[in-house]
Amino acid sequence: MGNVSFLKPTPALSTQAQPRILTIDVLRGFALLGILYAHMIFWYQGGPLPEYVYTAYMDIPNGIVIALNFLFFNAKFFSLFSFLFGLSFYIQIKGLVAKDANPNLRFAWRLLILGLIGVVHHLFWRADILTIYASLGLLLLFARNLSNRATIVIAALFILNVPAKIIEVISIYTQGTPVFIADNIVENGAKYYAAVTQGSFADVVAHNIYAIQEKIDYQLTSGRLVITFGFFMLGMLAGRLKWFEDIETSKDFFKKVWKKAGLASIGFSVAGIVFLICLQALAIDAEHAVWSRWFGGLIYDALNASVTLFYIASIPLLMLKPKWHTRLAPLSHIGKMALTSYLSQSLFGVILFFNFGLGLFFLTSPSLNAVICVTVFVIQVAFCKFWLTRFNYGPVEWLWRSATYFKWQPLLKKPS
């Protein structure tokens with residue numbers, strides 16, 4: 001395979017293996033916290049909403065939690081989760097190659113099961129990502145033998161959303177708009193809002209089935225599809241180059257990434273603020289000024305990518321500090337049950353906010369939702385810790401693993 005020397009961690013003397021596993025699980029737990037926050041702020045919505053819903057709570061406390069979501073959570077933790085999927089793919093496929101006669105077939109079957117879980121998830125919450133992961137995961141089976149150089153080039157282009165931005169330029173010249181797939185967001189937002197605030201469970205399921213095309217269109221027009229696969233590729237490369245095999249060995253490498261990604265995040269944040277000030281000063285409506293809209297999207301995609309890389313480097317560095325190691329280690333409990341936790345977050349969110357549950361949609365404020373988010377996450381961490389003292393896997397992970405190997409896996413832990 002080709003070499004990309006600047007992506008390799010600097011060798012060191014330590015050869016510890018356990019921190020690698022713990023750090024990856026902590027990263028997963030951290031990603032789940034960010035995903036929960038991003039969803040919880042706006043009442044666990046999975047689709048577009050009327051504009052007034054987003055602007056109804058604009059006092060200082062709510063403005064702070066919304067700004068935090070925009071700068072540090074929205075779209076960043078999906079990317080982090082995608083990175084971890086790619087990293088897990090490399091670890092799993094490496095293990096399958098060593099013990100399975102048909103590793104590609106086994107992993108494809110594993111992805112099919114994940115896709116079926118995602119279909120069920122989509123029925124009650126339309127923003128499911130498991131169906132997306134299952135579909136894109138199949139492409140990793142073809143990409144896993146690419147050289148390191150080809151992998152990082154593809155990952156960089158996709159992470160920065162270059163394919164979608166090129167298509168947007170073509171669309172601007174040919175159609176006069178960067179939106180290359182027509183979408184009536186006002187009408188769709190009204191339909192979705194009616195479903196979640198007035199509809200029964202059956203109504204929500206019917207709407208989510210109807211909205212499948214909307215979901216696909218969004219994945220394409222936003223570039224989320226290619227960004228996700230870009231982070232898949234980067235995660236796969238991280239596994240190949242052993243970034244997390246020994247975080248002490250990778251310390252200097254993570255420091256370089258942390259500094260560069262941190263400076264880039266600050267730079268793109270400042271660029272975005274200056275851009276918005278200029279729009280205000282010149283009285284430009286970015287929604288209808290196509291090139292302004294295109295350029296704003298470019299800055300935001302770059303900001304999301306840099307912040308995600310900053311998170312990826314920050315957690316391993318913090319894990320090397322004894323006090324932070326102790327503080328972050330509990331995240332590994334929920335990280336080991338990531339699939340179960342992700343699904344249970346959605347289930348709790350729709351029961352709490354949607355009409356067929358407690359019906360709190362739009363009744364609570366974003367700031368109160370942030371408090372609920374932290375409370376729910378703490379409960380999840382405690383539950384996962386309790387569960388894993390008695391069982392080897394989370395309940396959904398156990399079913400997934402058993403179906404993958406056509407054999408019930410040992411669920412109960414044996415007494416010490």
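**Helix packing and internal spaces**

In this predicted model, helices α4 and α5 are oblique to each other, because their angle of roughly 140° falls outside the ranges that count as roughly parallel, roughly antiparallel or roughly perpendicular. The axes of α4 and α5, the latter covering residues 103-124, come within 9 Å. The crossing in which α4 passes α5 is right-handed. On the α4 side, the residues that take part are Phe85, Phe89, Gln92, Ile93, Leu96 and Val97. Facing them from α5 are Pro103, Asn104, Arg106, Phe107, Arg110, Leu111 and Leu114. Sorted by class, the contact of α4 with α5 holds nine nonpolar, two polar and two charged residues.

A second helix pair worth visiting is α13 with α14. Helix α13 spans residues 251-281 and helix α14 spans residues 290-319. Their axes lie 8 Å apart, and the packing angle is about 155°. Since angles over 145 degrees count as roughly antiparallel, α13 and α14 are therefore roughly antiparallel to each other. This crossing is left-handed. The contact of α13 with α14 comprises 20 nonpolar, eight polar and two charged residues.

The third pair brings together α3 (residues 60-73) and α18 (residues 366-388). Here the axes come within 7 Å and cross at roughly 60°, which makes α3 oblique to α18. From α3, Pro61, Asn62, Val65 and Ile66 meet Pro366, Ser367 and Ala370 of α18. Five nonpolar and two polar residues make up the contact of α3 with α18, with no charged residues.

Attention now turns from packed helices to empty space. Rolling a probe the size of a water molecule over the atoms shows where such space is left. Across the whole structure, a search finds one cavity of 30 Å³ or more. The largest cavity contains about 60 Å³ of space. Its lining consists of Phe78, Ser82, Ile129, Ile132, Tyr133, Gln219, Arg224 and Thr228. Helix α4 (76-99) appears again here: along with α6 (130-143) and α12 (224-240), α4 supplies at least two residues of this lining. In terms of class, the lining of the largest cavity has four nonpolar, three polar and one charged residues.

The second largest pocket holds about 1,200 Å³ of space. A total of 38 residues line this pocket, and those that lie nearest its centre are Arg28, Ser88, Gln92, Arg110 and Lys336. Two of these names are already familiar, as Gln92 and Arg110 also belong to the contact between α4 and α5. Several helices each give at least two residues to the lining of the second largest pocket: α1 (18-40), α4, α5, α6, α16 (331-336), α17 (338-353) and α19 (395-405). The largest share comes from α4, with ten residues. By class, the lining of the second largest pocket has 20 nonpolar, eight polar and ten charged residues.

Taken together, these results return to α4, which packs obliquely against α5, helps to line the largest cavity and gives the second largest pocket the largest share of its lining.

Technical notes: Residues numbered from 1 in each chain as written. Predicted model: local features only at pLDDT ≥ 70, side-chain atom pairs only at ≥ 80, totals over all residues. Heavy atoms only, no water. 1 Å grid on protein atoms, 1.4 Å probe; cavity = no way out; pocket = protein on both sides within 12 Å on 5 of 7 lines; lining within 4 Å. Points joined across faces, edges and corners; volume = space filled by probe spheres on them. Helix = DSSP H or I, 4+ residues; strand = E, 2+ residues; numbered from the N terminus. Nonpolar A, V, L, I, M, F, W, Y, C, P; charged D, E, K, R; others polar. Axes fitted to C-alpha atoms, helices over the stretch in contact; angles between N-to-C directions. Parallel < 35°, antiparallel > 145°, perpendicular 65-115°, else oblique. Left-handed = near helix turned anticlockwise from the far one by under 90°. Contact = heavy atoms within 4.5 Å.
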